[in-house]
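Trainee: I have a new model on screen. Can you walk me through it?
Mentor: Sure, open it up.

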Amino acid sequence: MDAPRRARRPGGTELAPTRANRVANTVPGLAPGLGLLVYAAEAGTPGERAAAVAAVLVCGVLAVRGYRAGVRCEAERLVVRGYVWTRVIPRAAVTGVTGLPAVRWTSAGGRRRWTPVTAFATVSGETGGVRSRKRHNAARLRRWAARG
């Protein structure tokens, strides 16, 4: 009997921030989520509790998405994972990478678009190692885009 095969990811390069930065990216979801969890426990009416639990679940999703934020450069497409959505961009549509960094691309209808890569945005107060890793990943993304 053969064991079921797990679906393989398409080949590509995963660009992600440092582990410490990934953990820090969970804070926008965890901090309010913990406060809402306490509120849910103390809430008076069932409606208040239900609303608080729903908000806690949204915060949990935000925390997980913050941890997973990054970019996957594949042969035929670019996958940008952010806090709110994941954008899949065909390689042929990519026109460049800005300094933010953000990916400039053209939609199938000809509309010029851009998608920010929040995982590689630098902020004041970062350590040198974190900033260096973000710059390195942004440079690798630019090289991938230039080879398109």
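Trainee: Let's start with a pair of residues. What stands opposite Ala102 in β7?
Mentor: Pro116 does. A strand here is a DSSP run of E, at least two residues, and a helix is a run of H or I, at least four; both are numbered from the N terminus.

Trainee: Anything I should know about the model itself?
Mentor: It is a predicted model: local features need pLDDT of at least 70, side-chain atom pairs count only at pLDDT 80 or more, and totals for chains, interfaces and linings use all residues. Residues are numbered from 1 along each chain as its sequence is written, and side-chain values use heavy atoms, leaving out hydrogens and water.

Trainee: Back to the strands. How many bridges link β6 and β7?
Mentor: Five, in the antiparallel sense. Two strands count as paired if DSSP finds at least two bridges between them. Arg104 also faces a β7 residue, Trp114.

Trainee: And what about the hairpin of β6 and β7?
Mentor: Five residues sit between the strands, and Gly110 there takes a positive phi near 95°.

Trainee: Which strands form the sheet with β6?
Mentor: The order is β5-β6-β7, an open, antiparallel sheet. β5 and β7 are at the edges with a single partner strand each, so one side of each has no neighbour in the sheet. From one strand to the next, the twist averages 20°. Axes are lines fitted to C-alpha atoms, for helices over the stretch in contact, and angles run from 0 to 180 degrees between N-to-C directions.

Trainee: What lies across β5 and β6?
Mentor: α4 does, at about 150° to β5.

Trainee: New topic. Which residues touch the most others in the largest nonpolar core?
Mentor: Val71, Leu78, Ile89, Val103 and Leu141, out of 18 residues. Such a core is a set of buried Ala, Val, Leu, Ile, Met, Phe, Trp, Tyr and Cys residues joined through side-chain atoms within 4.5 Å. Buried means under 20% relative accessible area, with a 1.4 Å probe and protein chains only. The largest share, three residues, comes from α4.

Trainee: What does Val103 touch?
Mentor: Leaving aside residues up to four places away in sequence, its contacts include Leu78, Ile89, Trp114 and Leu141. Contact means heavy atoms within 4.5 Å.

Trainee: What order do the strands of the four-stranded sheet take?
Mentor: β1-β2-β3-β4, open and antiparallel. β1 and β4 are its edge strands. β1 and β2 share four bridges, and Gly12 stands opposite Glu74 in β2.

Terms used
Buried means under 20% relative accessible area, exposed over 50%, partly exposed in between (1.4 Å probe, protein chains only).
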